[in-house]
Amino acid sequence: MAITLVNPDGLPKIDVYRQVSIASGSRLVFIAGQVAWDAEGVTVGEGDLTSQVEQCYLNIATALAEVGGSFDDVAKLTFYVVDWTPDKMPALLEGISRAAARLEVTPVPPATLLGVAALDAPDHLVEIEATAILD
């Protein structure tokens with residue numbers, strides 16, 4: 001496996017992600033920010049952050065599978081959430097949990113969450129990009 005996830009002593013232990021990823025692979029994979037589109041470009045879960053997070057994760061998994069990878073290869077995730085406030089955290093975490101159950105993974109790479117004013121389309125509430133290491 002090209003990625004080792006670590007929570008160093010002296011940093012908080014966060015349940016939903018690890019603080020550090022160590023990459024030992026040779027192929028960097030940069031996945032464009034994924035929004036809640038299905039394969040036909042139709043928005044899934046309009047107005048529903050949980051469903052949109054889940055769809056973003058499924059889209060990332062699809063992209064990873066195409067290049068021979070999986071969530072085990074993800075070194076970093078970046079979340080862009082429209083009009084972020086801390087009260088949205090349960091919906092975001094539920095979306096991650098639902099996707100993890102469907103994909104049968106525990107996706108806990110380091111992550112950054114940024115609140116943004118808007119995304120590419122008014123019905124998109126979240127965009128998630130991933131960096132992975134293969135080989």
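Reader: In which sense do E3 and strand E6 (residues 126-134) pair?

Author: In this predicted model, E3 and strand E6 (residues 126-134) are joined over six bridges. One position in this region can be named, since Gln34 has Ile128 in E6 as its bridge partner. The sense in which E3 and E6 pair is antiparallel.

Reader: Which strands are the edge strands of the open sheet?

Author: Four strands form the open sheet, with mixed pairing, and their order is E3-E6-E4-E5. An edge strand here pairs on one side only, and that description applies to strand E3 (27-34) and strand E5 (111-116).

Reader: By how many degrees are neighbouring strands of this sheet turned against each other on average?

Author: The strands concerned are those of the open sheet in the order E3-E6-E4-E5. With direction ignored, the average turn between neighbouring strands of this sheet is 10 degrees.

Reader: Which helix packs on the sheet, and what angle does its direction make with that of E6?

Author: The helix that packs on the sheet is H1 (residues 49-66), and the strands it touches are E3, strand E4 (74-82) and E6. Taking its direction against that of E6, the angle comes to about 25 degrees.

Reader: Is E4 largely enclosed or largely open, and how many of its residues are buried?

Author: E4 is joined to E6 by seven bridges in an antiparallel run, and Thr78 stands opposite Glu129 in E6. E4 is also joined to E5, by six bridges and in a parallel run, with Phe79 having Leu113 in E5 as its bridge partner. E4 is largely enclosed by the rest of the structure, because the number of its nine residues that are buried is seven.

Reader: Which element gives the largest share of the lining of the largest pocket?

Author: The largest pocket holds about 180 Å³ of space, and its lining is made up of 15 residues, with Val16, Tyr17, Phe79, Leu92 and Ala111 lying nearest the centre. The elements that give two or more residues to this lining are E4, H2 and E5. The largest share, which amounts to four residues, comes from H2.

Reader: Is Thr43 buried or exposed, and which side chains does its own side chain meet in polar contacts?

Author: Thr43 is found in the loop between E3 and H1, and it counts as buried because its relative accessibility is 17%, with the limit for buried at under 20%. Residues up to four places away in sequence aside, Thr43 touches Ala36, Trp37, Gln52, Asp123 and His124. Its side chain makes a polar contact of 2.8 Å with the side chain of Asp123, and another, of 3.2 Å, with the side chain of His124.

Reader: Which backbone oxygen lies 3.4 Å from a polar atom of the side chain of Gln55?

Author: Gln55 has its place in helix H1 and counts as buried, at 14% relative accessibility. Leaving aside neighbours within four places in sequence, Gln55 is in contact with Ala36, Trp37, Asp38 and Val44. The backbone oxygen that lies 3.4 Å from a polar atom of the Gln55 side chain is that of Trp37.

Reader: Where does Lys13 lie, and which backbone oxygen does its side chain reach?

Author: Lys13 lies in the loop between strand E1 (3-6) and strand E2 (20-23), where its relative accessible area of 48% makes it partly exposed. Not counting residues up to four places away in sequence, Lys13 touches Asn7 and Pro8. At 3.1 Å, the side chain of Lys13 reaches the backbone oxygen of Pro8.

Reader: Is Glu104 buried or exposed, and what is its phi?

Author: Glu104 has its place in the loop between helix H2 (89-103) and E5. Its relative accessible area is 74%, and Glu104 is therefore exposed, given that exposed means over 50%. Although Glu104 is not a glycine, its phi is positive, at about 55 degrees.

Reader: Near what value is the phi of Asp135?

Author: Asp135 lies in the segment after E6 and is exposed, with a relative accessible area of 62%. Asp135 is a residue other than glycine with a positive phi, and the value is near 75 degrees.

Key: Residues are numbered from 1 along each chain as its sequence is written. This is a predicted model: local features need pLDDT of at least 70, side-chain atom pairs count only at pLDDT 80 or more; totals for chains, interfaces and linings use all residues. Side-chain values use heavy atoms; hydrogens and water are left out. Buried means under 20% relative accessible area, exposed over 50%, partly exposed in between (1.4 Å probe, protein chains only). Contact means heavy atoms within 4.5 Å. A polar contact is a pair of N or O atoms within 3.5 Å; within protein, one must be able to donate a hydrogen and the other to accept it, and residues adjacent in sequence count only if both atoms are side-chain atoms. Two strands pair if DSSP finds at least two bridges between them. Axes are lines fitted to C-alpha atoms, for helices over the stretch in contact, and angles run from 0 to 180 degrees between N-to-C directions. On a 1 Å grid over the protein atoms alone, a cavity is a set of points where a 1.4 Å probe fits but cannot get out, and a pocket is an open set with protein on both sides within 12 Å along at least five of seven lines; lining residues have an atom within 4 Å of a point. Grid points are joined across faces, edges and corners, and a volume is the space filled by probe spheres set on the points.
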